[in-house]
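Okay everyone, thanks for coming. I'd like to walk you through a structure I've been looking at, so let me put it up on the screen.

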Amino acid sequence: MARAISAAENDPPVVQAFLREHSQRLGRARIVGITGPPGAGKSTLTGCLAAELVNRGFSLGLLLVDPSSPFTGGAILGDRLRLPDIAQHPQVFVRSMSSRGSMGGLSKATSDAVKLLDAFGMDFVLIETVGTGQAETDIVSVADSVIVVAVPGLGDDIQALKAGILEIADLFVVNKADREGAEKTERELLHMLKMQPSSSGWTIPVIRTVATKNEGIGELANKLLAHYEFLRESGLLLRQRVARAEQELKDLLRSRMMQEFERLMGPALYRDLAQEIVAGEQSLYDTADKLWQQFLVRITQKGGSASD
Ligand SMILES: Nc1nc2c(ncn2[C@@H]2O[C@H](COP(=O)(O)OP(=O)(O)OP(=O)(O)O)[C@@H](O)[C@H]2O)c(=O)[nH]1
Ligand SMILES: [Mg+2]
């Protein structure tokens, strides 16, 4: 599994071959995103949740998406995952991944790693992302359930949280509930949720936890399992997954088309044209039109044998 995930980062064709062969094994894992501000206790909480799920007999894969580090692999893992014993468990697979190459969001390698863990038969895949930037909203496109971790004393930040995060949360956690202001944060979240109830019919719970003392984790696991049941019974799980597959198909085709475009038109295509645009010699739209016309001519000359 470790080798397969390394391949997801370094040798995509190998992974594609594997996923082609095992496509009928996909779709069984429950995919959970855990996001929230830096230092909210996401890793500690994820470790606790992993332990709880393992105790209930589930196997799981845990992906820690690191927005800052260009490096991947186990080197920094010890620092980031605060419960090293869970990483040693035979039913648990832990991996740290970089989000490089995706503007701070989730990389293609991460979504392939999720699929690999699924194909390997993991019951759960937990993905921790730091709630800054694109990864936090990208998580929705990968996960069935999203847990948003808040902490007491966010103050005005709760207003900032509101915009991006309210739409993506299926479950809210107020971690560090041993700190002052936990009740207030919980109240504010509940108030926000009342103002803007979810359209799916799912009641978004707010769960108080103290990850460092393993408090509230049982309830979190219960609600997580309940959310999955809700998704399944309402048909939303299927709808979400169909929408995801559609998006992936489009992304894949888009990148293939760009590759084909650049292959036919030659390298170093844009630089000179961009300079002309900046110098005001050509408009952006005329340049794009011209390129597009040239591309159409070339692809027709090829007699439609564009596929390899
Ligand atoms: N008091 C208290 N401290 C906690 C709790 N949960 C985590 N912490 C502490 O908060 C700090 C950050 O915890 P992490 O689990 O690394 O937080 P994180 O959100 O994963 O951090 P990043 O991945 O760096 O964004 C650590 O010192 C934890 O021990 C809690 O419930 N109460
Ligand atoms: Mg962390």
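Let's start with methionine 257: its relative accessibility is 56%, and anything over 50% counts as exposed, so this residue is exposed. Quick reminder before we go on: this is a predicted model. Where does methionine 257 sit? You'll find methionine 257 in helix H11, which covers residues 236-265. And methionine 257 has company out there: together with Leu249 and Leu253, Met257 makes a nonpolar surface patch of about 320 Å².

Now for the opposite case. Take a look at leucine 189, in helix H9, residues 182-195. Is leucine 189 buried or exposed? Its relative accessibility is 0%, and the cut-off for buried is under 20%, so leucine 189 counts as buried. If you want a distance to try on screen, go from leucine 189 to valine 174: they are 15 residues apart along the chain, and their C-alpha atoms are separated by 9.1 Å.

Okay, on to the metal. Which residues give the magnesium ion, ligand 2, its protein donors? Ser43 does, through OG, and Glu128 does, through OE, and these donors lie 2.1 to 2.3 Å from the ion. What I like here is that this pair links distant parts of the chain, 85 residues apart: serine 43 belongs to helix H3, residues 42-55, and glutamate 128 to strand E4, residues 124-130. Both serine 43 and glutamate 128 are buried.

Last topic: aromatic rings. How many aromatic pairs does the structure hold? There are five. One of them is phenylalanine 58 with phenylalanine 124, an edge-to-face pair with 5.1 Å from centre to centre and 85° between the planes. That pair also bridges distant parts of the chain, 66 residues apart, with phenylalanine 58 in the loop between H3 and strand E2, and phenylalanine 124 in strand E4. Phenylalanine 58 and phenylalanine 124 are both buried.

Then there's phenylalanine 261 with phenylalanine 295. Why do we call this pair tilted? Their ring centres are 4.9 Å apart and the planes sit at 50°, so the pair is tilted. Phenylalanine 261 is in helix H11 and phenylalanine 295 in helix H13, residues 284-301, so to speak another long-range link, with the two positions 34 residues apart along the chain. Both phenylalanine 261 and phenylalanine 295 are buried. Add Trp292, and you have one aromatic cluster: Phe261, Trp292 and Phe295.

That's my tour, thanks for listening!

Terms used
Residues are numbered from 1 along each chain as its sequence is written. Chains are lettered from A and ligands numbered from 1 in the order in which they are written. This is a predicted model: local features need pLDDT of at least 70, side-chain atom pairs count only at pLDDT 80 or more; totals for chains, interfaces and linings use all residues. Side-chain values use heavy atoms; hydrogens and water are left out. Donors are N, O and S atoms within 2.8 Å of the metal (3.2 Å for Na, K and Ca); water is not among the atoms, so sites may look incomplete. Helices (H or I, at least four residues) and strands (E, at least two) are DSSP runs, numbered from the N terminus. Buried means under 20% relative accessible area, exposed over 50%, partly exposed in between (1.4 Å probe, protein chains only). Patches are made of residues with over 30% relative accessible area and no salt bridge: like charges are joined within 9 Å, nonpolar side chains (Val, Leu, Ile, Met, Phe, Trp, Tyr) within 5 Å. Accessible areas come from the Shrake-Rupley method with a 1.4 Å probe; for residues, only the protein chains shown count as cover. A salt bridge is a side-chain nitrogen of Lys or Arg within 4 Å of a carboxyl oxygen of Asp or Glu. Rings of Phe, Tyr and Trp (its six-membered ring) pair if their centres lie within 6.5 Å; planes under 30 degrees apart count as stacked, over 60 as edge-to-face and the rest as tilted.
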